[in-house]
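Here is a set of questions and answers for someone new to this structure. Each answer sets a value against a definition.

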Amino acid sequence: LLLVCDNYAQRRRGPHFQRGNVPEWELDPKFEKDCFTFVRLEYASRRNASSAAWWTDYPDADLNLSWRLHQLTAMKVAPMPITIKIMDEEIFRYPFLFMSGVPTMMLGDDEIDQLRRYLLGGGFIMVDDFWGEQHWDEFEDEMLKRVFPDRRWEELSLDHQIFNCVFPLKEKPQIPNVNFASRNRGTGRTWEKPDAQTPHYRGIHDDKGRLMMLICHNTDLGDGWEEEATDPYYFEEFSEKKAYPLGINIVFYVMTH
């Protein structure tokens, strides 16, 4: 995977943002309802949450991955990613939803029911960027045990198609945030917490074996997309070699299964 590190990652926070230097492209109108759209879920977080919330790595991660999918694959990709609330019935139009900032989230019973309907009805959710056992326990208690109390997650093996369908990966990648990577350059340390040394990619399947949810724990793919232009070292070591290949694999797998 050979990419050029351009100045795509600019700070564009909030509901209204500029594309910055992320190229624009036109989508043929005949593919408007038959294309990939990056959709990020909005949800409430606990008050006084220090950092993590639904907008973690937004909107740069969403824009950059959409651009790289358009640039590097034959997939038809919507040029504008969107955010959507869980209770919006429009979520059923989209086969792929993305969640970040999950340790602090607060879900109502109606949202739990909606997520269950969406997943069992053919949808897929990718969860990203949370570290350590405390964050896992918080996510599991708030979402997993409530959406699917009778289902058990499974650790995906490296020979799963997620890691091989477009770009073959030799390891399950662990991607730290850009500041952590810069501080620890040359040390070999990529885990952000002492109890987060091992990256986990855990899946939940439906009764037919379809992957409904991929939970990326102890890693931060979103930062690999968002911060691709912040530091050439980070781009070369994490964005180009790990975050983009796996991100493209995940989307391709979801859209073809």
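Q: Why are Phe 38 and Phe 98 called buried?
A: Buried means under 20% relative accessible area, exposed means over 50%, and partly exposed lies in between, with a 1.4 Å probe and protein chains only. Phe 38 meets the buried definition, and so does Phe 98.

Q: What kind of model is this, and which residues count?
A: The model is predicted; local features need pLDDT of at least 70, side-chain atom pairs count only at pLDDT 80 or more, and totals for chains, interfaces and linings use all residues. Residues are numbered from 1 along each chain as its sequence is written, and side-chain values use heavy atoms, with hydrogens and water left out.

Q: What makes Phe 38 and Phe 98 a tilted aromatic pair?
A: Rings of Phe, Tyr and Trp (its six-membered ring) pair if their centres lie within 6.5 Å; planes under 30 degrees apart are stacked, over 60 edge-to-face, and the rest tilted. Here the centres are 5.2 Å apart and the planes meet at 45°, so the pair is tilted. Phe 38 lies in the segment before strand 1 (39–42) and Phe 98 in strand 4 (residues 96–100), so the pair ties together parts that are 60 residues apart in sequence. Strands (E, at least two residues) and helices (H or I, at least four) are DSSP runs, numbered from the N terminus.

Q: Which residues do ring pairs link into a cluster with Phe 38 and Phe 98?
A: The cluster also holds Phe 36, Phe 96, Phe 124 and Trp 225. The structure has 17 aromatic pairs.

Q: How do you know whether Pro 81 is buried or exposed?
A: Its relative accessibility is 8%, so Pro 81 counts as buried. Pro 81 sits in the loop between helix 1 (60–72) and strand 3 (82–85). Contact means heavy atoms within 4.5 Å. Beyond neighbours within four places in sequence, Pro 81 contacts Phe 38, Asp 62, Leu 63 and Ser 66.

Q: Why is Gln 114 called buried?
A: Gln 114 has 2% relative accessibility, so the buried label applies. The residue belongs to helix 2 (residues 109–120).

Q: What makes the approach of Gln 114 to Ile 86 a polar contact?
A: A polar contact is a pair of N or O atoms within 3.5 Å; within protein, one must be able to donate a hydrogen and the other to accept it, and residues adjacent in sequence count only if both atoms are side-chain atoms. A polar atom of the Gln 114 side chain lies 3.2 Å from the backbone oxygen of Ile 86.

Q: Where does the side chain of Asp 206 reach?
A: The Asp 206 side chain reaches the backbone nitrogen of Lys 208 at 2.9 Å. Asp 206 is in the loop between strand 8 (200–205) and strand 9 (211–217). Its relative accessible area is 16%, so Asp 206 is buried.

Q: Why is Glu 237 called partly exposed?
A: Glu 237 has a relative accessible area of 28%, so the partly exposed label fits. Glu 237 is in helix 6 (residues 232–256).

Q: What stands out about the backbone of Asp 57 and Asp 129?
A: Most residues other than glycine have a negative phi, and most peptide bonds are trans. Phi of Asp 57 is positive, near 70°. Phi of Asp 129 is also positive, near 70°.

Q: What is the peptide bond from Tyr 58 to Pro 59 called?
A: This bond is cis, with omega near 0°. Pro 59 lies in the loop between strand 2 (44–45) and helix 1.
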